[in-house]
Amino acid sequence: MARILLLLAIGFFIWLLFRGFFKAQVSDAPPTEPTEAENMVACARCGVNMPRSEAKQEGGKFTCLDPSTCKHAP
């Protein structure tokens, strides 16, 4: 009889463990709304695509905002 109670107790604790694990995996928070996507532009010098806010426009062409980050420039 003691073995049966021990097995039931072990099974109960395993069930509690899995229940807590799966509850932690499922979030009750509502899904976040997608943020506005920013337009991407290609640097005229190095060709790297970047967000438009990180680029500057020179003569109608977009280039890296900081010349030191334009690593592939010739």
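A salt bridge is a side-chain nitrogen of Lys or Arg lying within 4 Å of a carboxyl oxygen of Asp or Glu. In this predicted model, a search of the whole structure turns up one such pair. The partners are Lys-56 and Glu-58, whose side chains meet with a nitrogen-to-oxygen separation of 3.3 Å. That separation falls within the 4 Å limit, so the pair counts as a salt bridge. As a general point, side chains of opposite charge can pair when their charged atoms come close. Both partners keep some of their surface uncovered: Glu-58 is partly exposed, with a relative accessible area of 40%, and Lys-56 is partly exposed as well, at 27%.

The two salt-bridge residues also lead to a buried neighbour. Thr-63 is in contact with both Lys-56 and Glu-58, and its place is in strand β4, which covers residues 61-64. Is Thr-63 buried or exposed? Its relative accessible area is 4%, and because buried means under 20%, Thr-63 is buried. Leaving aside neighbours within four places in sequence, the contacts of Thr-63 also include Cys-43, Ala-44, Arg-45, Met-50 and Ala-55.

Cys-43, one of those contacts of Thr-63, brings the cysteines into the picture. How many disulfides does the structure hold? The number is zero. For Cys-64, the closest cysteine sulfur belongs to Cys-43, at 3.6 Å. A disulfide needs the two sulfur atoms within 2.5 Å, so this pair is too far apart for a bond. Cys-64 is itself buried, with a relative accessible area of 5%. Cys-46 counts as buried too, at 16% relative accessibility, a value under the 20% limit.

Helix α1 offers another view of the model. This helix runs over residues 2-25, and it is hardly covered, since the count of buried residues among its 24 residues is zero. Its length can be checked with a little arithmetic: at 1.5 Å a residue, the helix should span 34 Å. The expected span takes 1.5 Å times one less than the number of residues, which is why the count of 24 is not used directly. The C-alpha atoms at the two ends of α1 are 35 Å apart, which agrees with the expected span.

Met-1 is found in the segment before α1. This residue is exposed, with a relative accessible area of 75%. Finally, Met-1 can be set against Glu-58, one of the salt-bridge partners: the two residues are 57 residues apart along the chain, and their C-alpha atoms are separated by 85 Å.

Notes
Residues numbered from 1 in each chain as written. Predicted model: local features only at pLDDT ≥ 70, side-chain atom pairs only at ≥ 80, totals over all residues. Heavy atoms only, no water. Helix = DSSP H or I, 4+ residues; strand = E, 2+ residues; numbered from the N terminus. Buried < 20%, exposed > 50% of the residue type's maximum accessible area, 1.4 Å probe, protein only. Contact = heavy atoms within 4.5 Å.
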